[in-house]
Amino acid sequence: MVNVLLIILESIILFLPAFAANPAAVITGGYVKVDFGRNFIDGRRILGDGKTWSGLIGGSLLGVVLGLIIYFIISLFHITLIGNYGTSLVEALSVLLPMSFGSLLGDIAGSFVKRRLNMKRGQKGFLLDQWPFVLMSFLFVFIFSRGFFMEYYGNFIGIVVILALTPPLHRAVNIIGYKMNKKDVPW
Ligand code: CTP
Ligand code: MG
C-alpha cells in the first residue's frame, strides 16, 4: 500500500513541470500569435488568439526551470524515496525539455481541435483543455527520453492517475488565475 502511494506521489512530482508550463504560459503569453492570425481551410482560425509564441516558449522554459529545481532538491538532499530525472544535468534536461514543450504543444493541439469544433477562444473545452497536454507531454517523453519514461511511467499507473487528477487540478488552478485577473474565465 505504502509502495503504491509512493509510486503515485513520484509520478505526480516528476510530472509537475508539465503541469506548471500551462499556468506559466498565461504569465509569459500574449505576444506573437502562433498561427500569426491566419485561418485554416475551414475558414476558422488555426489556433486562435489564446496561443502565442511567448506563451509557448516562456511557459515551456519556466516548466523546465521548475523541473531543474526539483532535480536539484532531489539530488542535493539525496532523496531516495522517489526517483529523479537522471544522474546528470544533461540527462535531466533531456527529460525536462520534451516534457515541458510537449505539454504546451499538446495544449496547442487541443486548441486546434477546439477551433475545428467551432469553439471560441477560451470556451470551455472539457477534456480538450485538460488531456491533450498530458498525453502529448508523455508522448514526447516516450519519444525523446525512453529510459525515463519506461522507468517511471512504463506501467501506465502514473499516467492513469495523472489523467484522473488533471481535470479537478486544472479547474482549481484556473479559478485561482481568474481571481488573480490573469484569466478572463474561471476554466
Ligand atoms: N497562452 C499563450 N500562449 C500559449 C498558451 C497560453 O499566450 N501557448 C496564454 C493566453 O493568454 C491564453 C491563456 O494563456 O488566453 C490561457 O491559456 P488557455 O486556457 O490554454 O487558452 P484559451 O484562451 O482558453 O484558448 P483556447 O480556447 O484555445 O484553449
Ligand atoms: Mg482555456
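**Figure 1. Asp 35 sits in the loop between H1 and H2.** The model shown here, and in each later view, is predicted. Asp 35 is buried, with a relative accessible area of 3%. That value counts as buried because the cut-off is under 20%. A polar atom of the Asp 35 side chain lies 2.9 Å from the backbone nitrogen of Leu 47. Leu 47 is also one of the residues that Asp 35 contacts, once neighbours within four places in sequence are left aside. The others in that set are Arg 45, Ile 46 and Gly 48.

**Figure 2. Ligand 1 is surrounded by 18 residues.** Which of them come nearest? They are Lys 51, Thr 52, Ser 111, Arg 121 and Gly 122. Look next at the polar side chains. A polar side-chain atom of Arg 121 lies 2.6 Å from an oxygen atom of ligand 1. For Arg 115, an N or O atom of the side chain is 2.8 Å from a ligand oxygen. For Asp 107, the distance from a side-chain N or O atom to an oxygen of ligand 1 is 3.2 Å. On its own, ligand 1 has 570 Å² of accessible area, and the protein covers 88% of it.

**Figure 3. The largest nonpolar core has 26 residues.** In soluble globular proteins, nonpolar side chains tend to be buried together. In this core, the residues with the most contacts inside it are Phe 15, Tyr 85, Met 99, Phe 138, Phe 148 and Tyr 153. Which elements give two or more residues to this core? They are helices H1 (2-28), H2 (53-76), H3 (89-116), H4 (131-144), H5 (146-153) and H6 (157-179). H2 gives the most, with five residues.

**Figure 4. Phe 15 touches residues from far along the sequence as well as the core.** Residues up to four places away in sequence are not counted here. Phe 15 then touches Tyr 85, Met 99, Val 134 and Ser 137. It also touches Phe 138, Tyr 153 and Ile 162. Apart from the largest core lies another core, of seven residues. Among them are Ala 21, Leu 56, Leu 104 and Ile 108.

**Figure 5. Leu 6 is found in helix H1.** Is Leu 6 buried or partly exposed? Leu 6 is partly exposed, because its relative accessible area is 22%. Leaving out residues up to four places away in sequence, Leu 6 touches Leu 81 and Ile 82. Now compare Leu 6 with Thr 28. These two residues are 22 places apart in sequence. Their C-alpha atoms are 33 Å apart in space.

**Figure 6. The chain has six helices and zero strands.** From the N terminus on, the elements run α-α-α-α-α-α. The radius of gyration is 17 Å, close to the 16 Å that the globule rule gives for 187 residues, so the chain is as compact as a globular protein of that length. Along the principal axes, the C-alpha atoms fill a box of roughly 50 × 35 × 30 Å. Of the 187 residues, 41% count as buried. The chain exposes about 10,200 Å², and carbon and sulfur atoms supply 72% of that area. What share of contacts between residues at least 6 apart in sequence join residues at least 24 apart? The share is 67%.

Terms used
Residues are numbered from 1 along each chain as its sequence is written. Chains are lettered from A and ligands numbered from 1 in the order in which they are written. This is a predicted model: local features need pLDDT of at least 70, side-chain atom pairs count only at pLDDT 80 or more; totals for chains, interfaces and linings use all residues. Side-chain values use heavy atoms; hydrogens and water are left out. A nonpolar core is a set of buried Ala, Val, Leu, Ile, Met, Phe, Trp, Tyr and Cys residues joined through side-chain atoms within 4.5 Å. Buried means under 20% relative accessible area, exposed over 50%, partly exposed in between (1.4 Å probe, protein chains only). Helices (H or I, at least four residues) and strands (E, at least two) are DSSP runs, numbered from the N terminus. Contact means heavy atoms within 4.5 Å. A residue is near a molecule or strand if one of its heavy atoms lies within 4 Å of it. A polar contact is a pair of N or O atoms within 3.5 Å; within protein, one must be able to donate a hydrogen and the other to accept it, and residues adjacent in sequence count only if both atoms are side-chain atoms. Accessible areas come from the Shrake-Rupley method with a 1.4 Å probe; for residues, only the protein chains shown count as cover. The radius of gyration is taken over C-alpha atoms; the globule rule is 2.2 Å times the number of residues to the power 0.38.
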